[in-house]
Amino acid sequence: MNFQTVQKQLRTARVGRNLGLGLVAALGLMNAGLTYTIFSQSNQVILIPTNVSDGMVARGAVDKRYVEALALDAVYGLYNASPANLEYGRSVIERLAAVADRSTLLRHYDEVSTDIRERDISTVFYPGTIEHTNNSLTVVIEGQLQTFLNTVLVNIEPRRMMLNFVTEAGSVRLSRISRLEFDE
């Protein structure tokens, strides 16, 4: 080996080392940038209500579990909302509502959605207890309604909702949603 060959190999090794260090530095900067982006962003997850299909009433008997699922779906559609998913919640209420009561229920939903849109808030309802009446067509759901401004929790309030259902054309439909006061 002569001196010029050793010098050429040394230069090649230095160039390779410098390229490797440059690549490591660039990847480190990218990771730092991604880390900053993740920590500086605020993400909020809004739970989308389930999609309960229509259930039939067999020989006049109504399954309590099905009515409970409908009630939860209606409450989730009403209160798990943000300005971005209000149309979905409205379609849930429209799908579950009895024909005679649809306009009243949608008007109530529009009042809630207008409040959400104007205040630019998001709400999430966490059910706690679910009570059925003897005829199983009335459900009382008790839980907590949490209100968020961006991702900051600004209010937690206990809420009791009573949902009334009717049988309509061999199916169970939502006829009324009302808020109940807590017994002091």
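**Helix H4 and the nonpolar core**

The buried residues of H4 pack against H2, H3, strand E1 (122-132) and E4, where buried means under 20% relative accessible area, exposed over 50%, and partly exposed in between (1.4 Å probe, protein chains only). Helices (H or I, at least four residues) and strands (E, at least two) are DSSP runs, numbered from the N terminus. This is a predicted model, with local features needing pLDDT of at least 70, side-chain atom pairs counted only at pLDDT 80 or more, and totals for chains, interfaces and linings using all residues. Residues are numbered from 1 along each chain as its sequence is written, and side-chain values use heavy atoms, leaving out hydrogens and water.

So who sits inside on H4? Leu105, Leu106, Tyr109, Val112, Ser113 and Ile116 are buried. Viewed down the helix axis, the buried residues fall within an arc of 125° (taken from the directions from the axis to the C-beta atoms), so they line one face of H4. On the face turned away from that side, Glu111 and Glu118 are exposed. Just after H4 comes Asp120, with a positive phi near 50°.

Now for the largest nonpolar core (buried Ala, Val, Leu, Ile, Met, Phe, Trp, Tyr and Cys residues joined through side-chain atoms within 4.5 Å). Of its 33 residues, Ile141, Leu163, Phe165, Val172, Leu174 and Ile177 touch the most other members. H2 gives the largest share, nine residues. Setting aside neighbours within four places in sequence, Phe165 is in contact (heavy atoms within 4.5 Å) with residues including Val67, Leu70, Val139 and Leu174.
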